[in-house]
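User: Please walk me through this model with short questions and answers. I will ask about the backbone, the cores and the charged pairs.

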Amino acid sequence: MNKITLALTTSLLLLFSAFVVGDDRSDWPSSMTVGTSSQGGTYYIYGSGWANLVNQKLGTNIGAEVTGGPVQNVSMVQLGEHDFGLVTMGPALEAIEGKSPILPGVKHDKVRALFPMYQTIFHVSAMKDSGISSMDGLEGKRAGVGSAGGTNSVYWPRFFDLLGYDVTTLEGGSGDQAGQMQDGLLDAFAFGAGLPVSSVSQLEAQSEINVFSFPKDDIDKIVKEYPEISRSVVPAGTYRAVTEDIPTVSIWNFVVVNADMPESLAYEVVKTVMENHEAMLKVHRSAAETIPENVIYNTQIPFHPGAVRWFEENGYDIPDELKG
């Protein structure tokens with residue numbers, strides 16, 4: 001093959017590739033949204049940073065939306081109101097089974113998993129001068145549990161009821177509630193998210209706090225009652241107040257999409273996130289767990305075909321029953 005023929009062949013291949021890419025993206029939405037949570041929570045920081053990364057890499061136009069959290073996000077994805085949703089496994093599974101408090105009786109059969117995010121790690125913070133440093137100290141107190149419809153507003157009341165703690169739970173934005181605790185309007189902030197929780201870190205920068213979680217017997221009861229909950233720790237150094245690992249519980253987070261999302265879009269988003277780990281770490285420290293190995297922590301939500309294709313191309317098996 002002479003140089004002229006080779007150059008012509010190469011040009012035609014490049015031109016053909018350009019048409020393929022163009023056709024492949026012809027059904028991509030011109031703009032998209034991702035449901036996150038209240039400002040100040042890890043979901044909002046992670047979702048905004050993640051959207052910016054994908055936009056930079058793929059030339060998309062994805063915007064982060066402030067929401068009430070996972071319970072709302074999964075229903076918005078089911079209805080097609082949001083293209084992406086950040087969810088924890090418990091609320092997502094309940095919605096799939098038709099037990100969503102937002103759309104009761106509606107089985108969320110169009111929700112598909114995309115990729116693993118990180119663990120939501122439950123823990124409690126209180127002002128040091130309050131003297132509250134353990135779960136027993138919450139008896140008869142007021143604890144903020146984040147936004148209505150969020151993972152925390154769902155699970156903390158369940159935990160307190162299961163364990164027999166008399167705690168009044170109040171809902172609100174995570175940033176607001178950390179400030180309310182500092183102002184004495186709340187006695188504690190019972191929360192869970194990817195660590196560190198920015199509103200708690202910001203509070204600790206101004207005041208001394210205590211950080212604690214459940215005693216061992218309580219942890220045993222929780223994981224027995226709720227199979228979606230796992231044993232975990234708040235690692236030493238997460239906050240200045242945490243000088244050694246604190247045993248606790250956690251629940252996994254995944255990004256979900258509607259089944260109607262174009263396969264090529266879902267594939268390229270998963271590829272972008274899974275193959276740019278260092279960039280994801282700059283979004284939030286919790287993205288250390290946004291790695292393909294953690295795909296195993298979804299055992300019940302069907303995966304989008306685009307996600308299945310990327311994971312299987314890269315050596316990660318997806319069970320047949322989870323291929324949506």
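User: Which residue just after α4 takes a positive phi?
Analyst: This is a predicted model. Helix α4 covers residues 89-96. Just after α4, phi is positive, at about 85 degrees, in G98.

User: How many of the eight residues of α4 are buried?
Analyst: The helix is mostly covered. Its covering includes α3, β3, α5 and β10. The buried residues are M89, G90, P91, A92, L93 and A95. The count is six.

User: Which strand gives the largest share of the largest nonpolar core?
Analyst: That core has 79 residues. W50, F84 and W156 are among those with the most contacts inside it. Nine residues of the core, its largest share, come from strand β4.

User: How many residues are in the other core, which lies apart from it?
Analyst: This other core includes M127, L186, L195 and I246. Its size is 18 residues.

User: How many residues apart in sequence are the parts that D260 and K110 tie together?
Analyst: The two form a salt bridge, with the closest N and O atoms 2.5 Å apart. D260 lies in the loop between β10 and α9, and K110 in the loop between α4 and β4, so the pair ties together parts separated in sequence by 150 residues.

User: Is D320 buried or exposed?
Analyst: D320 meets K323 in a salt bridge at 3.3 Å, N to O. The cut-off for exposed is over 50% relative accessible area. D320 has 61%, so it counts as exposed.

Key: Residues are numbered from 1 along each chain as its sequence is written. This is a predicted model: local features need pLDDT of at least 70, side-chain atom pairs count only at pLDDT 80 or more; totals for chains, interfaces and linings use all residues. Side-chain values use heavy atoms; hydrogens and water are left out. A nonpolar core is a set of buried Ala, Val, Leu, Ile, Met, Phe, Trp, Tyr and Cys residues joined through side-chain atoms within 4.5 Å. Buried means under 20% relative accessible area, exposed over 50%, partly exposed in between (1.4 Å probe, protein chains only). Helices (H or I, at least four residues) and strands (E, at least two) are DSSP runs, numbered from the N terminus. Contact means heavy atoms within 4.5 Å. A salt bridge is a side-chain nitrogen of Lys or Arg within 4 Å of a carboxyl oxygen of Asp or Glu.
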